Amino acid sequence: MPTLTELLRRADAARAALIERLAAEDTNCYRLFHGSVEGMPGLAIDRYGEQILAQTFHKPLTDAELEEIRAHYRETLPELALVYNDRSDANSRVSNALSLAEQAVAQQDVAIRENGVAFHYQARHKGQDPWLFLDLRAARRRVMQLAEGKSVLNLFAYTCGVGVAAAKAGASFVLNVDFAESSLSVGRANAKLNLLASRPRCLHSDVFAAVRQLSGIGQPDRVRGKKMPPFPKLEPRQFDLVFLDPPRYSKSPFGVVDLVNDYQALFKPALLATAPGGTLVCCNNVAEVDGDAWLESLKRSAAKAGREVRAAEWIVPDEDFPSIDGKPPLKIVLLSV
């Protein structure tokens, strides 16, 4: 049975070529250890610029395990500070206390870089998840390759990583939509970190309400006799590139997001908000969803909506997110429609 240090060394060796390529792309944030595949399920260790973030999701680290991790990175990345967040409670909230010195490091607002784009990062903030999801790097890279001169709609934008990357790559117009104003405020700050030809717009709205209006389906003020909460009024508009990255499950007065049973409820309006000849990028982060079956369901849904999927391209996460069977939990497909 290999020790934790041996597992970390193996992970370092497996990433050496990738990290060299990422440095050439002006990227300094990536996964150092993907425990679910590399020998310790529930442990994830990421580099975010000048910090290392270790997170546990199944059970807390023992003091000995944490010290073993610290000792390894003191040897291999001595200039980086390490923050440990235990998220093994049922609600996935950070539960472990830090010393005052550790807390000061964890709450530092630092700038990180990915593909030449700068983003804000804090190891601990009012939310739970890091402000940039690293497994979406390959998707942001692909968007940047396509975005120049294009209009871009970023749905479930979170901290607007995709939208800021698109703007950095020369998109003519970017609209980020999310229900959380706290996330959009980070997105606005991310935009200010970069020299952009056009400033992305951030729309605080339930995504269902926004995308139904943009698609031309419309969002009534009353549904089955019940008055809907206030929502921004929008005119129909189609975009050259639409990015759809919903959470696994959420519920609001406007609809239910369910990536297992009803991805189509979001897919149809997102498709109709995509201009003919445009691109729709769809993400599904549920491991048990079969990628091929999911793609076929999207094609059927498109046909029912009177739109053809002309081509489909899988975007596979970079090698710092390895998978046992070549089928990563995060599925990303680029549809030419």
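**Disulfides and helix α8 in a predicted model**

The structure, a predicted model, holds 0 disulfides.

Visitor: Why does C29 form no disulfide, and which cysteine has the sulfur closest to that of C29?

Guide: A disulfide is a covalent bond between the sulfur atoms of two cysteines. Here a pair counts if the sulfur atoms lie within 2.5 Å. The sulfur of C29 has its closest cysteine sulfur 16 Å away, too far for a bond, and that sulfur belongs to C160.

Visitor: How far is the sulfur of C282 from the closest cysteine sulfur?

Guide: The closest cysteine sulfur to that of C282 is in C283. No bond joins this pair because the distance is too great, at 7.5 Å.

Visitor: Is C29 buried or exposed?

Guide: A residue counts as buried when its relative accessible area is under 20%. The relative accessible area of C29 is 0%, so C29 is buried.

Visitor: How many residues of helix α8 are buried?

Guide: Helix α8 spans residues 207–215 and is mostly covered. Its buried residues include V207, F208 and R212. Among the elements that cover them are β7 (151–155), β12 (239–244) and α9 (264–272). The count of buried residues in α8 is 9 of 9.

Visitor: Which residue has a side-chain oxygen that reaches the backbone nitrogen of F208?

Guide: This contact lies at the start of α8. The oxygen comes to within 2.8 Å of that nitrogen, and it belongs to D206.

Visitor: What phi does G216 take?

Guide: G216 is found just after α8. Its phi is positive, at about 95°.

Methods: Residues numbered from 1 in each chain as written. Predicted model: local features only at pLDDT ≥ 70, side-chain atom pairs only at ≥ 80, totals over all residues. Heavy atoms only, no water. Buried < 20%, exposed > 50% of the residue type's maximum accessible area, 1.4 Å probe, protein only. Helix = DSSP H or I, 4+ residues; strand = E, 2+ residues; numbered from the N terminus. Contact = heavy atoms within 4.5 Å. Polar contact = N/O pair within 3.5 Å; in protein donor to acceptor, adjacent residues only side chain to side chain.
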